[in-house]
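Thanks for making the time this morning. I would like to walk you through one model, taking its parts in turn, and please stop me whenever something is unclear.

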There are 2 protein chains.
Amino acid sequence: MSYTIGEVAKKMNLSVHTIRYYEKEGLIPSISRTKSGLRTFEDKDLEWIKLIECLKATNMPLKDIKTYIDWYVEGDSTIPQRYDMFLKRREIVENQIKELQKTLSFINFKCSYYENALKAGTTKTKEVLYK
Amino acid sequence: MSYTIGEVAKKMNLSVHTIRYYEKEGLIPSISRTKSGLRTFEDKDLEWIKLIECLKATNMPLKDIKTYIDWYVEGDSTIPQRYDMFLKRREIVENQIKELQKTLSFINFKCSYYENALKAGTTKTKEVLYK
DNA sequence: ATTAAAGCTTGACTTAACTTTAAGTGTCTT
DNA sequence: AAGACACTTAAAGTTAAGTCAAGCTTTAAT
């Protein structure tokens with residue numbers, strides 16, 4: 001089963017521009033083509049794209065993602081680097097989650113603060129203490 | 001108690017450039033100055049900066065943060081908008097946390113995958129199934 | 001009183017991650 | 001067969017969020 005770039009864009013919720021850009025930047029290794037030059041995407045290419053989106057979701061810059069992909073392409077000799085990268089990324093993500101949880105409780109406070117302010121019609125009441 | 005821009009930069013772990021930039025963009029309302037024009041930061045200004053950092057941590061763009069600050073400056077008439085903004089932000093943050101948790105379990109999988117690959121010296125073993 | 005460190009402003013520059021444009025070729029639908 | 005639409009490359013443009021530089025002033029320490 002293979003897909004056109006437009007199908008992949010729809011499936012992955014990306015623009016076709018972006019997919020071409022990812023390929024150009026070396027983030028999707030070896031996409032095959034038809035004789036006439038059209039890209040034909042296989043499931044393995046979709047897996048790469050999912051990986052990119054996943055790492056991107058952790059704020060990993062594309063150039064670091066590319067470094068990983070280069071390591072992957074290089075083969076078994078880069079297993080230590082790749083392992084190390086995922087260990088570091090795990091720590092980063094764990095910290096991001098903690099950070100967001102702190103932020104969430106701050107936002108929860110603001111929500112109830114403004115809920116009160118909304119009832120009172122003002123932020124200038126006794127119960128309303130912060131901005 | 002008041003601080004110079006350099007002190008604030010150190011305290012908040014930002015560059016002085018960034019703080020001036022935030023002021024220029026209207027993210028910190030009414031920083032007072034000495035007669036000679038130096039900025040003097042009060043605790044309320046630090047609170048604003050903390051708020052900016054906090055919202056930024058949720059990937060909120062500076063211009064949306066500015067919108068909030070403008071509402072704040074405008075006064076009680078904008079309480080509904082501000083309430084609404086925090087409600088929306090809460091949902092966004094909750095989703096971000098969920099998303100990161102999914103990503104984390106993916107990364108955990110990769111970590112153990114590469115831990116095995118490291119022992120085996122290769123990714124091409126029976127136990128090692130994915131890229 | 002000097003002088004180094006820290007501040008000031010304006011405006012240009014940078015980086016990341018796209019996005020658009022231009023100018024054209026290939027494919028599908030009626 | 002015609003028109004719409006998807007695809008190509010290369011390069012320029014955009015946006016967000018800073019970052020830096022130049023040239024000058026203020027402040028703190030000796």
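**The two chains and the DNA strand**

Between chain B and chain A, two salt bridges are counted, and I should say at once that what you have in front of you is a predicted model. One of those salt bridges joins the side chains of B:Asp76 and A:Lys124, with 3.5 Å from N to O. Across the same interface of chain B and chain A, twelve residue pairs are found in polar contact, with both residues of each pair at pLDDT 80 or more.

Which elements of chain B give two or more residues to the side that touches chain A? They are H3, H4 and helix H5, the last of these running over 79-120, and the largest share, 25 residues, comes from H5 of chain B. Sorted by residue class, that side of chain B divides into 21 nonpolar, nine polar and eleven charged residues. Taken as a whole, 41 residues of chain B are in contact with 42 residues of chain A, and the two chains bury about 3,800 Å² between them, with 75% of that area on carbon and sulfur atoms.

Let me pick out a single residue, B:Ala57, which sits in the loop between helix H3 (43-56) and H4 of chain B. Is B:Ala57 buried, partly exposed or exposed? B:Ala57 counts as partly exposed because its relative accessibility is 31%, and partly exposed covers what lies between under 20% for buried and over 50% for exposed. Once its neighbours within four places in sequence are left aside, B:Ala57 is in contact with A:Glu99, A:Leu100 and A:Thr103. Within chain B, its C-alpha atom is separated by 9.6 Å from that of B:Val93, a residue 36 residues apart from it along the chain.

Now to the DNA. DNA strand D is surrounded by 18 residues, of which the closest are A:Gly6, A:Arg20, A:Arg39, B:Tyr22 and B:Ser36. Of the atoms of DNA strand D that come within 4 Å of the protein, 82% belong to sugar and phosphate. In individual contacts, a phosphate oxygen of the strand is 3.0 Å from a polar backbone atom of A:Gly6, another contact places a polar side-chain atom of B:Ser36 2.7 Å from a phosphate oxygen, and a backbone N or O atom of B:Leu62 lies 3.2 Å from a phosphate oxygen.

The surface near DNA strand D takes at least two residues each from helix H1 (5-12) of chain A and from helices H2 (16-24) and H4 (62-74) of chain B, with the largest share, four residues, coming from H2 of chain B.

Note on methods:
Residues are numbered from 1 along each chain as its sequence is written. Chains are lettered from A and ligands numbered from 1 in the order in which they are written. This is a predicted model: local features need pLDDT of at least 70, side-chain atom pairs count only at pLDDT 80 or more; totals for chains, interfaces and linings use all residues. Side-chain values use heavy atoms; hydrogens and water are left out. A residue is near a molecule or strand if one of its heavy atoms lies within 4 Å of it. A polar contact is a pair of N or O atoms within 3.5 Å; within protein, one must be able to donate a hydrogen and the other to accept it, and residues adjacent in sequence count only if both atoms are side-chain atoms. Buried means under 20% relative accessible area, exposed over 50%, partly exposed in between (1.4 Å probe, protein chains only). Contact means heavy atoms within 4.5 Å. Buried area is the accessible area (1.4 Å probe) that two parts lose on being put together, summed over both. A salt bridge is a side-chain nitrogen of Lys or Arg within 4 Å of a carboxyl oxygen of Asp or Glu. Ala, Val, Leu, Ile, Met, Phe, Trp, Tyr, Cys and Pro count as nonpolar, Asp, Glu, Lys and Arg as charged, and the others, Gly among them, as polar.
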